[in-house]
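Me: Please take a close look at one helix in this model and what packs around it. Then follow the packing outward into the rest of the chain.

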Amino acid sequence: MLPRLLLGPHRLLLGGPLAATASAAPLPRRRAVAGRRVMSASAAPAPGPRRRPLRGVVFDMDGTLTVPVIDFQAMYREVLGGDAAYAAARAAGGGAVDILHCIEDWAPDKQRHAYEVIARFEQEGLDRLQIMPGASELCGFLDAKQIRKNSTNIDVVQLFVERLIVTSLVYCVYQSGYCCLTQAIQFMIIVEHVCCVILKIRGLITRNVKDAVDLFHQRFGMMFTPALSREFRPYKPDPAPLLHICSTWNIPPHEVIMVGDSLKDDVVCGKRAGAFTCLLDETGRYGPHDSLPEEVKPDFKVASLTEVFTVLEEYFDLAPVPAESRI
């Protein structure tokens, strides 16, 4: 059978059920903060608690799947023209700056310069791109959940992938007399993309550019489908990207969870779409969960990706459900 390069439990941060025959390594059981849809994580669970069905997980990229490295404050100051303009934009935005919204109505030349500054900061961030700690363990947990529950479908996918890879390698040898490792790796990433489409389990929404998403996929060998960048309009916090993914998967939003590190973008997007929401707040910058305004209060608040594991395990049923759409 196919080695666990593509489908093994060490692979991706995945959403919804995905398959693997190997079990995931256990993660530290840290408690996440549960919001209003479910009981508090700190409360004693009632016998046989009702778990909500979950068929897909959609992730933000910068600051969620990857370690935050972009100095956004410096970017905003340069784009807006200094400290005074930045302070005014923060005041107008209630303490936050939506830089893409700020420059939408600028004159073409000024807007082009702003995008050039943003692109420079984003490129510097890509040069230092790092995967977020806990990603492999979380994906292993999700892999094991799906494979154990739906091995027949995954066996079909594995056989399909195995034959595609063998055919590709034979073709490379036939054309060039040797197997190009780079081509083989690129092909495996494409094949994994096909698997994602078949299995419909993980998606990505970012306000970064498509080139950044492509580099993320290539550098870490991960593939999220659909993966929507800011070229998809309207972008977060509008719910359109998340609703597009749900429509593509043929899954209702209330069986999907949006995971991200921004209240104003990720949580608001998820809430407007009708999905569950999970805020990743590593530094505690947002304060206690109960102190957050109701309109942006997530269903869950965690300090690490390992706590997302706890949320999924304790409050959701990741077992496959009937394939018919309930939208």
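Reply: This is a predicted model. Start with helix H1, residues 72–80. Its buried residues include Met-75, Tyr-76, Val-79 and Leu-80. These four span an arc of only 115° around the axis, so they sit on the same side of H1. The cover over the buried residues of H1 includes three helices: H2 (83–92), H3 (99–102) and H4 (108–127). Just after H1 comes Gly-81. Its phi is positive, near 105°.

Now the nonpolar cores. In general, nonpolar side chains of soluble globular proteins tend to be buried together. The largest core here has 32 residues. Within this core, Phe-216, Ile-257, Phe-300, Val-308, Leu-312 and Phe-316 touch the most other members. Several elements supply at least two residues each. The strands are E3 (56–59), E6, E7 (276–280) and E8 (300–302). The helices are H5 (135–149), H8 (210–220) and H11 (305–315). H11 gives the largest share, six residues. Apart from this core lies another one, of 16 residues. That second core brings us back to H1: Val-79 and Leu-80 are among its members, as are Val-97 and Tyr-235.

Back in the largest core, look at Phe-316. Leaving out residues up to four places away in sequence, Phe-316 touches Arg-51, Arg-52, Leu-54, Ile-257, Phe-276, Phe-300 and Val-311.

Next, the aromatic rings. The model has eight aromatic pairs. In one of them, Phe-59 and Phe-224, the ring centres are 6.1 Å apart and the planes stand at 75°, so the pair is edge-to-face. This pair links distant parts of the chain, 165 residues apart. Phe-59 belongs to strand E3, while Phe-224 lies in the loop between H8 and strand E5 (227–228). Both residues are buried. Together with Phe-216 and Phe-220, they form one aromatic cluster.

One charged residue deserves a stop. Asp-261 lies in the loop between strand E6 (256–260) and helix H10 (263–273). Asp-261 is buried, yet it has no salt bridge. The nearest side chain of opposite charge is Arg-285, 4.1 Å away. A salt bridge here needs the nitrogen within 4 Å of a carboxyl oxygen. Arg-285 is still a contact of Asp-261. Other contacts include Asp-60, Asp-62, Gly-63, Thr-64 and Asp-266, along with Leu-279, Leu-280 and Tyr-286; residues up to four places away in sequence are not counted.

Definitions and conventions:
Residues are numbered from 1 along each chain as its sequence is written. This is a predicted model: local features need pLDDT of at least 70, side-chain atom pairs count only at pLDDT 80 or more; totals for chains, interfaces and linings use all residues. Side-chain values use heavy atoms; hydrogens and water are left out. Buried means under 20% relative accessible area, exposed over 50%, partly exposed in between (1.4 Å probe, protein chains only). Lys and Arg count as positive and Asp and Glu as negative; His and the chain ends are not counted. Contact means heavy atoms within 4.5 Å. A nonpolar core is a set of buried Ala, Val, Leu, Ile, Met, Phe, Trp, Tyr and Cys residues joined through side-chain atoms within 4.5 Å. The arc is that of the directions from the helix axis to the C-beta atoms. Rings of Phe, Tyr and Trp (its six-membered ring) pair if their centres lie within 6.5 Å; planes under 30 degrees apart count as stacked, over 60 as edge-to-face and the rest as tilted.
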